[in-house]
Amino acid sequence: DEYWIDITNPKAKELQYTRFQRAKDKGCHAVEPDNVDCYQNDACWEAISSVNSESEAEVEQVKFNLWQTETAHSLGLSIALKNSLDLIPQLVDHYDFIINESCLRYNECGKMTPFYEQNKAVFHVEYRSSTDRCPEAAEFHMATKYCPGSGSTCSSDWVNCFEASVIESVLPPSPVPWAEFTVEGSKDTLEGHPVLVIDLDDDSKNKNELVPAGHQLLCEISAGAVEAFRPDHTASWSALSLGTAGYDWIDLGKLEEIKPLISQRLMRLKTEGCQGLVLTDLTCNEDDECVVASGGQAAADSKLSAYAEWLLDYTSSIGLMTGVRGVTSTSVLAHSSKIDFAISSSCVGNGNCAILSALMNDNKPILNLEFSGDFDCDKPENVNVSTKFCDGDAALETCNGNEWKDCFPPGEVIPWTDPTTDTNNDDDDDDAFNWLKFFLYLVLAIIALVLCFVAYRKFSPRGKPALPPKPAQAARQESSWIANAMSTSANLPSPAA
C-alpha cells in the first residue's frame, strides 16, 4: 500500500525539501518524485479537507509539482516528471525530463511528445512484455527498456531499445576547431567548425538544425549582469540589480532569489539545443562600482565564489558543458575542477595565459581571441590554446567587419543521429524492399494480363471469322464422303506390314 501525503499541508514541502537535500548530499544529479498525481486518486484527494473536487485537487497538484521543480533547481538538481501524463501541458516547461511506465500498453505515449519537441529526454519502461517493443518506441523517440514478467516485476534482464553510447557533451581535444559569432563586427563560418559559440538569443542561427548537422553549440549568457533584452526578462530580474550606474550588475548577495531565475534561463538554453554555455560577467569583484555596492572587496570575492560554485554545480547537474569568458579572478578559478573550458581575449598577445594554467593542466580547452591582423600563430604561447584572430580593437574586443582567421586546422562536422532511432536504417531498407516488391508484383500482373489477352484472342469464338452455314444437301454429301473414306481406310494394309 502507498500512503499519500496532504500536498496542501506546509509540512509536505518541508519533508520533500529534506529529501531533495539528502539526494544532493549523496551526490545525485537529479531526482524523480513519484506519486505526483494525487488528483487522479480518489483515496488521496478525497482525504484532503480543503479540497472538494477533482478539479480543485488538480490545481493543488500543479502548484505542488511546480514548487518541487523550483526547489530541485535551487539545489542544483534536475527533476523528472514521473508519469502524470495529463499534466504535461502545464508542466513540460518546468521539468527537465520525463519517466514513464507502460505507455505502450495503455496507448498513451503520444502524450509525451511535448518533452521530445523541447529536446528533453523521454525515458520509458514496459513490463510483462516478451515481444520486441523497440519499433513502437522509436515512433515516439523514447529511450525504452522492456522485460518479461508480471505486474511491475521483471523475470529476466532488461532489453534496451537504444545504443549504449549517446552524443557526449565534451569538447574535442585541443586545438578545438571553433567558430565565434558573438564578437561585434566579426564574421565566421560554419564550415570546418564543429564547435560554435553563439548568443543564446541569436535568432540568425537555427539551433534545431545545427545540432543534428553535427555542431556543438556553446550558448552565451551573462551570469553577472541584468540583461533586459532577453525575452524571458521580468521585473524579478530588475529586482536583483545592484543599481550601479556604469553596468547593471546583479546583487550576488541575493543568491536564493537568483537561483530560480537563472535556472529557468539555463533550462531554456538547454531545451533550445545548446550543449554547453559560456558564462560572462563573472567579474563583479574586479569592477570598482560593483565592489563598493557589494560591501567591499572581501564581500564581493565571497559572494562571487559562492555564486560560481552553485552555478557550476547546477549546470553540471543538467548536463551542460560550462565555460567562462574573460575570467581571471581566483574567486571563480578556484572552482576550475568544475569548469570545462574557458574563452580568453588576447591571453597570448598579453602573455597572461598562465592565469588559466589550472584548466590547461587538466587538458581543458582554452579558446583564445586575438585582435591583431598580423598575429603570429607560431608563437610558443599559442601551443596549448585554440586561437582565432582578426584585425580589430583589443581594448574594445571588436573586429573591424572582417572574418576570423584560425590558428588551427579545420575540423570535421559529423551529423548526429538520434540514439532513440534505429541507427542501422532498417526502416530505409524496409522501404526499399517494399518498393521492390511493388514493382515485381506490377510486372507479374502485366504479364498475366498479356497472357490472358493472347489466350482470349486465340480460343474465343468471337476471335475467329464466322463460317457461312452449310446447305442441307452439301452437309449430306460431306457425311457420305466421310463414311466412304473411313470404310476405305479400314481395308488398307497397316504401315508395319
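## A guided tour of the predicted model

Select R230 and E227 to begin: their side chains meet in a salt bridge, with 2.9 Å from N to O. A salt bridge here is a side-chain nitrogen of Lys or Arg within 4 Å of a carboxyl oxygen of Asp or Glu. The model is predicted: local features need pLDDT of at least 70 and side-chain atom pairs count only at pLDDT 80 or more, while totals for chains, interfaces and linings use all residues. Residues are numbered from 1 along each chain as its sequence is written, and side-chain values use heavy atoms, with hydrogens and water left out.

**Stop 1: the surroundings of R230**

Are R230 and E227 buried or exposed? R230 counts as buried because its relative accessibility is 2%, and E227 counts as buried at 11%. The classes are defined as follows: buried means under 20% relative accessible area, exposed over 50%, and partly exposed in between (1.4 Å probe, protein chains only).

Keep R230 selected and add D201. These two residues also form a salt bridge, in which the closest N and O atoms are 2.9 Å apart. R230 lies in the loop between strand 11 (216-222) and helix 8 (235-238), and D201 in the loop between strand 10 (195-199) and helix 7 (207-210), so the pair ties together parts that are 29 residues apart in sequence. Helices (H or I, at least four residues) and strands (E, at least two) are DSSP runs, numbered from the N terminus. D201 is buried, as is R230.

**Stop 2: from strand 19 to strand 16**

Next, select D406 and K388, which form a salt bridge with the closest N and O atoms 2.6 Å apart. This pair links distant parts of the chain, with D406 in strand 19 and K388 in strand 16, 18 residues apart. D406 counts as partly exposed because its relative accessibility is 28%. K388, by contrast, is buried, with a relative accessible area of 0%.

Which residues are joined into one network by salt bridges that share partners? Select D199, D201, K207, E227, R230, D232, R265, R268 and E272 to display that network. By the stated rule, the count of salt bridges comes to 20.

**Stop 3: the sheet of nine strands**

Switch to a cartoon view. An open sheet is formed by 9 strands in the order 9-10-11-12-13-14-15-16-19, with mixed pairing. Its edge strands, each pairing on one side only, are strand 9 (178-180) and strand 19 (405-406). Two strands pair if DSSP finds at least two bridges between them. Within this sheet, strand 15 (residues 366-370) and strand 16 run parallel and are joined by 4 bridges. To view one bridge, select L367, whose partner in strand 16 is S386.

After strand 14 (341-345), select S346, which lies in the loop between that strand and helix 13 (357-361). S346 is not a glycine, yet it has a positive phi of about 60°. This serine is buried, with a relative accessible area of 8%.

**Stop 4: the sheet of six strands**

The next open sheet has 6 strands in the order 1-2-3-4-5-8, and its pairing is mixed. Strand 1 (30-31) and strand 8 (159-160) are the edge strands, each pairing on one side only. Strand 5 (residues 143-146) runs antiparallel to strand 8, and 2 bridges join them. Select K145 to find its bridge partner N160 in strand 8.

Which residue of the loop between strand 2 (78-82) and helix 4 (88-91) should be selected next? The choice is S84, which lies in that loop. S84 has a positive phi of about 45° although it is not a glycine, and it is buried, with a relative accessible area of 4%.

**Stop 5: two surface patches**

Patches are made of residues with over 30% relative accessible area and no salt bridge; like charges are joined within 9 Å, and nonpolar side chains (Val, Leu, Ile, Met, Phe, Trp, Tyr) within 5 Å. Accessible areas come from the Shrake-Rupley method with a 1.4 Å probe; for residues, only the protein chains shown count as cover.

Select W435, F438, F439, L442, I446, V450, F453, V454 and Y456: they form a nonpolar patch on the surface, with about 940 Å² of accessible area together. One of them, V454, is placed in helix 14 (residues 426-459). V454 counts as partly exposed because its relative accessibility is 47%.

Finally, select D374, D376, D378 and D391, which form a negative surface patch. Lys and Arg count as positive and Asp and Glu as negative, while His and the chain ends are not counted. The place of a charge is taken as NZ of Lys, CZ of Arg, CG of Asp or CD of Glu. D391 is found in the loop between strand 16 (386-389) and strand 17 (392-393), and its relative accessibility of 42% makes it partly exposed.
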